[in-house]
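Here are my notes on the model you sent over. Have it open while you read.

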Amino acid sequence: MNINKKGLGIIGVISIIVVLILVFIFTQMGPYDKNNKKDIVVEIPQGATTNTISDILYKNKLIKNKTIFKISVKLSAQAQHFKAGKYLFNQTYSNKEIINDISSGKIYNDGIKITIPEGSTSREIVSILVGKNLGNEVSYENLISNPEEFYDKFKFLKEEDITSLEGFLYPSTYYFDENSSEKEVLSAMLNQFDKVYTDKLIDRQKELKMTTEQVINLASIVEKEAVLDEDRPIIASVFYNRLRIGMPLQSDATIQYIFKERKKIVTYKDLEIDSPYNSYKNKGLPPTPIASPGIESIQATLYPEKTEYLYFVAKMDGGNNYSTNYEDHLKYVKEYKDERDRLNKEK
């Protein structure tokens, strides 16, 4: 009986110790100070280990105990998903919240916000950048026309037929320090393109026996011609079919590229302009891409629909009517004009 009491006493002491340890661990995993909501920005460097991250967080008084934090990371199995960048925290964050933010890449973006829309020309991109007081127009133009300035970082630019950065300045939202140089700004856009243009897409490009420049060149035309995503692979097929039989691409989008400012409508007179970008007078692709295509247009160009279509004309709903012969094409053109005129009269 005495032995049992003694045994129960030891078990009781151990239980109390375990509870105390668990309470300690729990408190160490919680907020550093649940009443302090002052913002703290920390930067997690590329390739940082859990040890490095715990050091940074501890130094900034965001975690109470480095060992407990590392145990929390291990238990969460999120370390492999940690992403480098700036993060905005405060002392009310628990270990779990911090780990979730870093693993999900909830990056804190400061600096000048720049949004490059899909289908932007390099001229339009420069205008956006300069309009935000981010760099000099002439410096941008010189860099864009000299891809060799970026050879050290971006090997894909070394392709023989890439003579400009046109088309490779990927459309996205960026944040830049106000002191960023023109080269740094353009490098960020090229880097995003490099990320988006994955090995899988490169393998598909090789299957088609195309160069990167040819893919982006055609994708840029698809980007400017399409309104609806579902039309992009079909439009791409039309251009492939024209190229295959030696027919000019006849894209109004390439005509628009000739002008500094986009025209409301391309006229028959415009189709006679003597320019290598006039795809009515010249066969094949233009000398460079005509805009920065988004991923949907790039994918549509690499994975086009299999069709016999040679023509397409817009519909009022944003889609297109497609045809394999010129006679049907003219019928669709008339339908479009009649519908457009009818709607204009109703306004």
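The points below cover a strand pair, one residue in it, and a helix contact.

1. Ground rules: this is a predicted model, where local features need pLDDT of at least 70, side-chain atom pairs count only at pLDDT 80 or more, and totals for chains, interfaces and linings use all residues. Numbering starts from 1 along each chain as its sequence is written, and side-chain values use heavy atoms, with hydrogens and water left out.

2. Strand β1 covers residues 40–44 (strands are DSSP runs of E, at least two residues, and helices runs of H or I, at least four, numbered from the N terminus). Ile40, Val42 and Ile44 point to one face and are buried, while Val41 and Glu43 point to the other and are not (buried is under 20% relative accessible area, 1.4 Å probe, protein chains only).

3. β1 runs antiparallel to β2 (residues 85–89), with five bridges joining them; DSSP must find at least two for strands to pair.

4. Take a look at phenylalanine 89, in β2. Its partner across the strands is isoleucine 40; the two are 49 residues apart along the chain, yet their C-alpha atoms are separated by 5.2 Å. Phenylalanine 89 has a relative accessible area of 1%. Leaving out residues up to four places away in sequence, phenylalanine 89 touches, among others, Val42, Leu57, Leu62, Ile98 and Ile102 (contact means heavy atoms within 4.5 Å).

5. On to the helices: Leu201, Arg204 and Gln205 in α8 meet Ile295, Ile298, Gln299 and Leu302 in α12. The residues of this contact divide into four nonpolar, two polar and one charged (Leu and Ile count as nonpolar, Arg as charged, Gln as polar).

Definitions and conventions:
Buried means under 20% relative accessible area, exposed over 50%, partly exposed in between (1.4 Å probe, protein chains only).
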